[in-house]
Amino acid sequence: MRRRIAADAPSRFSMRVWPNDLDFNIHMNNGRYFSAADLGRLDWWVRSGLWHRALARGWRPMAGDANARFSKQLRPFQKYELQTRMVGWNSKWLFAEHRFQVGERVHAVIVVRYLFVARDGSRPSPAEVMALVGWTDPSPPLPEFVELWHRGQDSLSAELRAGR
């Protein structure tokens with residue numbers, strides 16, 4: 001069992017690029033980054049204590065959107081550290097950041113906005129969710145790039161609802 005972490009601490013663990021992670025350019029496939037990010041969020045949820053407390057209430061996490069920035073490729077058999085942290089939240093969404101790092105170099109960053117959905121379809125607020133792990137203060141300010149991305153996603157969602 002991995003040790004507990006505070007809600008404001010990052011989850012960190014080592015991973016390796018395996019042959020089934022590769023694309024035709026012989027580096028990690030972009031889809032694999034998103035799958036690894038899912039594991040990073042699960043690790044953060046479990047180690048912060050959120051996972052068991054949310055499940056006990058019938059709350060399940062649902063990703064709404066994700067964005068990736070790739071800056072340096074991960075090669076076959078390369079070891080990397082996945083760092084996952086809670087960036088913050090607003091009235092609807094929680095925002096997680098995933099950094100794929102080798103040494104001091106960040107190879108990719110993925111940001112995901114997600115929420116929790118109850119069995120009855122209701123959505124507990126992000127503040128209610130974070131209270132499960134003892135975080136009762138307001139959200140830290142979201143980084144500018146997260147705010148801009150979030151507004152862009154809301155705009156795209158509005159266009160899709162309008163049928164455009």
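Two strands pair if DSSP finds at least two bridges between them, and strands (E, at least two residues) and helices (H or I, at least four) are DSSP runs numbered from the N terminus. The views below show a predicted model, in which local features need pLDDT of at least 70, side-chain atom pairs count only at pLDDT 80 or more, and totals for chains, interfaces and linings use all residues. Residues are numbered from 1 along each chain as its sequence is written, and side-chain values use heavy atoms, with hydrogens and water left out.

**View 1. The whole protein, with four helices and five strands.** Following the sequence, you will meet the pattern β-α-α-β-β-β-β-α-α. The radius of gyration, taken over C-alpha atoms, is 17 Å, close to the 15 Å that the globule rule gives for 164 residues, so the protein is as compact as a globular protein of that length. That rule is 2.2 Å times the number of residues to the power 0.38. Along its principal axes the C-alpha trace spans about 45 × 45 × 30 Å. Of the 164 residues, 41% are buried, where buried means under 20% relative accessible area, exposed over 50% and partly exposed in between (1.4 Å probe, protein chains only).

**View 2. An open antiparallel sheet of five strands, in the order S1-S3-S4-S5-S2.** S1 and S2 (60-70) stand at the edges with a single partner strand each, so one side of each has no neighbour in the sheet. On average, neighbouring strands are turned by 25° against each other, direction ignored; axes here are lines fitted to C-alpha atoms, for helices over the stretch in contact, and angles run from 0 to 180 degrees between N-to-C directions.

**View 3. Strand S3 (residues 79-89) and its partners.** Eight of the 11 residues of S3 are buried, so this strand is largely enclosed by the rest of the structure. Six antiparallel bridges pair S3 with S1 (residues 11-16), and here Thr-84 is the bridge partner of Ser-11. With S4 (residues 94-102), S3 pairs over eight bridges, again in the antiparallel sense; Arg-85 has Glu-97 as its bridge partner in S4. Four residues make the hairpin that joins S3 to S4.

**View 4. From S4 across to S5.** Nine bridges join these two antiparallel strands. Look again for Glu-97, whose bridge partner in S5 is Val-111.

**View 5. Helices on the sheet.** H1 lies across S1, S2, S3, S4 and S5, running at about 145° to S1. Helix H4 (residues 144-161) packs on the sheet as well, touching S2, S3, S4 and S5, and its direction makes about 50° with that of S5. Contact means heavy atoms within 4.5 Å.

**View 6. Aromatic pairs, 10 in the count.** Rings of Phe, Tyr and Trp (its six-membered ring) pair if their centres lie within 6.5 Å; planes under 30 degrees apart count as stacked, over 60 as edge-to-face and the rest as tilted. Trp-45 and Tyr-114 form an edge-to-face pair, 5.4 Å centre to centre with 65° between the planes. This pair links helix H1 (residues 30-48) to strand S5 (residues 105-117), its members being 69 residues apart. Both Trp-45 and Tyr-114 are buried.

**View 7. A tilted pair, Tyr-80 and Phe-100.** Their centres are 5.7 Å apart and their planes 40°. Tyr-80 belongs to S3 and Phe-100 to S4, 20 residues apart. Tyr-80 counts as buried at 4% relative accessibility, and Phe-100 is buried at 0% relative accessible area. Ring pairs link these two with Tyr-33 and Phe-70 into a cluster.
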